Amino acid sequence: MKKMSVIFLVLLVIVAAAATAECQDPKPTNVTTVAEARVSGAETKAVLHGHFIKKINDNKYVFQDSTGEIIVDLSADKAGSLPAESAEVALEGVVEQDIVFAGIEAQKISVLN
């Protein structure tokens, strides 16, 4: 009986330790392609290289790299200083994602060429 009590206490300690263990998020710190941004979670940092191909409205544009296209949300100050469509840019931002939509909220745009 005493042996069963010791085994039970050891198991209880193991379960309690596992329940309070800290979990680490395996998500990468930055995504670097449109394809990765589409499947990453919301609030993932994105650093993409490509170009803007189309204006949707005053603050939404279509961005394209070699892996696909994604909608980018730009603030008014960033949208006013966009380079020509053929210019390659580095786009830094955060992934916005819900059930059916994946996009990027731009924070910084740099012309590469």
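Of the 16 residues in the largest nonpolar core, which touch the most other members? This is a predicted model, so to speak a computed picture: local features need pLDDT of at least 70, side-chain atom pairs count only at pLDDT 80 or more, and totals for chains, interfaces and linings use all residues. Residues are numbered from 1 along each chain as its sequence is written, and side-chain values use heavy atoms, with hydrogens and water left out.

**View 1. The largest nonpolar core and its best-connected members.** Leu-48, Phe-52, Phe-63, Ile-70, Val-72, Leu-91 and Ile-104 are the ones that touch the most other members. At least two core residues come from each of these elements: helix H2 (34–39) and strands E2 (45–55), E3 (60–65), E4 (68–73), E5 (89–97) and E6 (102–111). A nonpolar core is a set of buried Ala, Val, Leu, Ile, Met, Phe, Trp, Tyr and Cys residues joined through side-chain atoms within 4.5 Å. Buried means under 20% relative accessible area, exposed over 50%, and partly exposed in between (1.4 Å probe, protein chains only). Helices (H or I, at least four residues) and strands (E, at least two) are DSSP runs, numbered from the N terminus.

**View 2. Ile-70 and its contacts.** Leaving aside residues up to four places away in sequence, Ile-70 touches Val-34, Ala-37, Arg-38, Tyr-61, Val-62, Phe-63, Ala-102, Gly-103 and Ile-104. Contact here means heavy atoms within 4.5 Å.

**View 3. An aromatic cluster of Phe-52, Tyr-61 and Phe-63.** Searching the whole structure turns up two aromatic pairs. Phe-52 meets Tyr-61 edge-to-face, at 6.0 Å centre to centre and 75 degrees between the planes. Phe-52 and Phe-63 are also edge-to-face, with 5.4 Å between centres and 75 degrees between planes. That second pair links distant parts of the chain, with Phe-52 in E2 and Phe-63 in E3, 11 residues apart. Rings of Phe, Tyr and Trp (its six-membered ring) pair if their centres lie within 6.5 Å; planes under 30 degrees apart count as stacked, over 60 as edge-to-face and the rest as tilted.

**View 4. Strand E4 and its partners, E3 and E6.** E3 and E4 pair antiparallel over six bridges, forming a hairpin with two residues between them. Val-62 has Ile-71 as its bridge partner in E4. E4 and E6 run parallel, joined by three bridges, and there Ile-71 stands opposite Gly-103. Two strands pair if DSSP finds at least two bridges between them.
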